[in-house]
Amino acid sequence: MTFSAETKTELCRAPMERACCRLAELYGILLCAPAFSDSEIRVSSSHAGLVRRAALLLSKVFDIRVQPECAGSRQTLRISDAEQLRRILSGFGYDFKPSITYHLNRNILENDCCAAAFLRGTFLMAGSVAGPDKKSHLELKISHSALARELMSLMLDSGISPRSTERAACSLIYLKGTAGIEDFLTLTGASRAAMSIMEAKVEKSLRNRVNRQVNCETANLLKTSATSQRQISAIEAALARGGIEIFPENLRETVDLRVAYPEASLSELAAKFSPPISKPGLDHRLKRILKIAEQEGVPF
């Protein structure tokens, strides 16, 4: 099952306690359905839970009982009875007459809970959302641009900031950022799906931070190793030419320790002196050693 389907399954389990919210959710489903007019209302989907919920809402809100028609993986609710169509359109505040598209009746969505229920219905019928393992994306496919603009206005009033674009056969309202998607899913009742996206974002952020830290530490180790190897090569070449006597007495312990502990960092090497010396002090001694080796004609 896709993440979109799982999210819709979660939304289909949302309680139907308040009559106003049942009306609002059904409004969102039917307004975005394949057919919504004075001649036919048709809800069609491959998500069986959505079709069952739409049928239950029709029964609870308008006392209309419709049996789904099955065709392959899709199920369809179809209403063509004039009296039932009149009852539904009237319930949403429309006249019973032909119309290219129906404008959003905000009077039905005066309460915040009803606006959230309506958006749940629109997502169930017209929405999709990418899974946490993919690039963040949630969209609603709306058949008419005027309705899409009104829906965007409702989302903005609900604290959601969507974007829109036009396609050949529809308008797309979409969200890209994970924060906006989490807010939308939480608002409509899919808190578990929102949590999955949030957890994936945190995990990705943590993984990126760990990778950056590991890369930084690896780079530092490589740098330390390269510097140490350069120092040891210069010391060994100088010793081969003139022996330990070419280095002053106060540098010979540094020479011995550097050669004895080739993988030690400056801090680790400084701690091995008796008594220990500071890291800047060790760095100064090593620079003097390299300068002496250079004066002896040692290439490095």
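Biologist: What makes Arg120 and Glu25 a salt bridge?

Modeller: The side chains of Arg120 and Glu25 meet at 3.1 Å, N to O, and a salt bridge is a side-chain nitrogen of Lys or Arg within 4 Å of a carboxyl oxygen of Asp or Glu, so the pair qualifies. Arg120 sits in helix α5 (residues 112-126) and Glu25 in helix α2 (residues 19-31), so parts 95 residues apart in sequence are tied together. Keep in mind that this is a predicted model, where local features need pLDDT of at least 70, side-chain atom pairs count only at pLDDT 80 or more, and totals for chains, interfaces and linings use all residues. Residues are numbered from 1 along each chain as its sequence is written, and side-chain values use heavy atoms, with hydrogens and water left out.

Biologist: Why is Arg120 called buried?

Modeller: Buried means under 20% relative accessible area, exposed means over 50%, and partly exposed is in between (1.4 Å probe, protein chains only). Arg120 has 9%, so buried it is. Glu25 is buried too, with 2%.

Biologist: And Asp157 with Arg106, how do you know that the pair is a salt bridge?

Modeller: Their side chains meet at 2.7 Å, N to O, so the cut-off is satisfied. Asp157 belongs to helix α6 (residues 145-157), while Arg106 is in the loop between α4 (82-91) and α5, 51 residues apart.

Biologist: Which of the words buried, partly exposed and exposed fits Asp157, and which fits Arg106?

Modeller: Asp157 has a relative accessible area of 55%, so it is exposed. Arg106, at 32%, counts as partly exposed.

Biologist: Which residues do salt bridges that share partners join into one network?

Modeller: Glu40, Arg42, Glu69 and Arg78. Within that group, Glu40 and Arg78 meet at 3.0 Å, N to O. Glu40 lies in the loop between β1 (35-36) and β2 (41-45) and Arg78 in strand β4 (residues 74-79), so this pair ties together parts 38 residues apart in sequence. A search of the whole structure finds 10 salt bridges.

Biologist: Why are α9 and α11 called roughly perpendicular?

Modeller: Helix α9 (residues 249-260) and helix α11 (residues 279-295) pack at about 95°, axes 10 Å apart. Angles of 65 to 115 degrees count as roughly perpendicular, under 35 as roughly parallel, over 145 as roughly antiparallel and the rest as oblique, so the label fits α9 and α11.

Biologist: Which residues of α9 make the contact?

Modeller: Asn250, Leu251, Thr254, Val255 and Arg258, where contact means heavy atoms within 4.5 Å. From α11 come Leu282, Arg285, Leu286, Arg288, Ile289 and Ile292.

Key. Axes are lines fitted to C-alpha atoms, for helices over the stretch in contact, and angles run from 0 to 180 degrees between N-to-C directions. Helices (H or I, at least four residues) and strands (E, at least two) are DSSP runs, numbered from the N terminus.
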